[in-house]
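User: I am new to this structure and would like to go through how some of its features were assigned. Please give the reasoning for each one.

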Amino acid sequence: MSKNFDAYALATSSVRGLAPYDPGKPIEELEREFRISDAIKLASNENPLGPPPAVSEYLRSAAADLHRYPDGSGFELKTALAERHEVGLDQICLGNGSNDVLDMVARVFVSAGDVGIISQHAFIVYYLSLAYVHANIQITKANEYGHDVGAMIQAVDERTRIIYIANPNNPTGTWSRAEELRRLLDEVPSSVIVVIDEAYAEYVAEPKYPNCIAWLSKYPNLVVTRTFSKIFALAGLRIGYSVSSPEISNLMNRVRQPFNCNTLAMSCALIALRDQNHCEKSVQLNREQLRILSQGFAEMGYETIGSVANFLCIDMKVSAMTAYQKLLERGVILRPIGGYGMPNHLRVSVGTASENSRLLDTFNSLKNQGLIWTFPWPVGWNYLLLESDWSAVRWL
Ligand SMILES: *Cc1c(COP(=O)(O)O)cnc(C)c1O
């Protein structure tokens, strides 16, 4: 290999400016690191019940066809989705996870230098997808951690090509009302593509939460994305989709990799989609446990951000990394979200009843031992302020 070869120098400046996506810590890695065996992971918003039983049954018998390429058109799954959402087959584009479709929209519509608008604290994939295509990324300030849809409308000008909105948003769990999103769609010119990411839609029971797929006939510039990673519990298989006008879907299919969705993912998605009972069970569990977690943290004196999804952000008031580390040592994986501009928060994914109670017990015992606390700081404790910034506190 040539000594002068410098891959970093050759990469585009937008890519050099990115850090690799930082996923939740895998259970196996934690157990290796700390030599423990019963770790729990509440870090990536997965469905703790696992996939519907019919999926596991199918997988045991699925090996026979794996030498064949998948159906590149995804006919069967798209047919079921079209029926479910009352749209045409030609309005759906399948992705290798919904991240894949979120990325495709940017590749179809955004040229270098075009403006894309996203919110502060929004799901990181919008930023990444815009950066890959060298967009000019405009970030509007959040309003109490949620998207400020009014500010997003205000930010639109003639250079704006795309707006991404997470509803609900990850990592904050906040959501946008039907009237806000309708106003946005009514006020922005149809030359702006509006992407509404509904990854957690099935969990939300708020009367004012919109099902934006029903609005597609009125707004040809709207793209709605959904996933099988969350309530359908197939995060490991990577399958999601967009619903849009047939024209947008046609364009997305031009940039889609020919076999972006694999055989197992599409078959399991179809099975999971038909298991309404498993979905209802998952929603029910999530509702009960989200309440138990919020209450548990409130009783310990922590504020949380009101969430309608299957996760919850806890405000540690100081850098969340100490609590994160202490919990890891005791086999509990949560998600620090400093990368989202929230260095004092930890995101907890709602687990099963026993996982959540183990989390609360572990938290409580760490707190009682004085290993993690919330503001105000106990008087006389040995800590060193490195800067006049609470997040820079280091333990002695
Ligand atoms: C988890 C999540 C997704 C889903 O990503 P997949 O690629 O489908 O696994 C999409 N949007 C948001 C906001 C999410 O939190």
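User: Why does C268 not form a bond with the closest cysteine sulfur?

Analyst: This is a predicted model, and the answer rests on a distance in it. The closest cysteine sulfur to that of C268 belongs to C261 and is 13 Å away. A disulfide needs the two sulfur atoms within 2.5 Å, so 13 Å is too far for a bond.

User: What makes C261 fail to bond with C93?

Analyst: The sulfur of C93 is the closest cysteine sulfur to that of C261, at 7.9 Å. The cut-off is 2.5 Å, so this pair is too far apart for a bond.

User: How many disulfides does a search of the whole structure find?

Analyst: The search finds zero.

User: Why is C268 called buried?

Analyst: Buried means under 20% relative accessible area. C268 has 0%, and therefore counts as buried.

User: Is C261 buried or exposed, and what value decides that?

Analyst: C261 has a relative accessibility of 4%. Because the limit for buried is under 20%, C261 counts as buried.

User: Which residues are closest to the ligand?

Analyst: The closest are D197, Y200, T227, S229 and K230, out of 13 residues that surround the ligand. The shell divides into four nonpolar, six polar and three charged residues.

User: What makes the approach of Y200, T227 and K230 to the ligand a set of polar contacts?

Analyst: A polar contact is a pair of N or O atoms within 3.5 Å. A side-chain N or O atom of Y200 is 2.6 Å from a ligand oxygen. For T227, the distance from a polar side-chain atom to a ligand oxygen is 2.5 Å. For K230, a side-chain N or O atom is 3.3 Å from a ligand oxygen. The protein covers 95% of the 380 Å² of accessible area that the ligand has on its own.

User: Where does the ligand sit?

Analyst: The ligand takes up the space of the largest pocket.

Methods. Residues numbered from 1 in each chain as written. Predicted model: local features only at pLDDT ≥ 70, side-chain atom pairs only at ≥ 80, totals over all residues. Heavy atoms only, no water. Buried < 20%, exposed > 50% of the residue type's maximum accessible area, 1.4 Å probe, protein only. Near = heavy atom within 4 Å. Polar contact = N/O pair within 3.5 Å; in protein donor to acceptor, adjacent residues only side chain to side chain. Areas by Shrake-Rupley, 256 points an atom, 1.4 Å probe, with all protein chains shown as cover. 1 Å grid on protein atoms, 1.4 Å probe; cavity = no way out; pocket = protein on both sides within 12 Å on 5 of 7 lines; lining within 4 Å. Sits in = over half its atoms within 2 Å of the grid points. Nonpolar A, V, L, I, M, F, W, Y, C, P; charged D, E, K, R; others polar.
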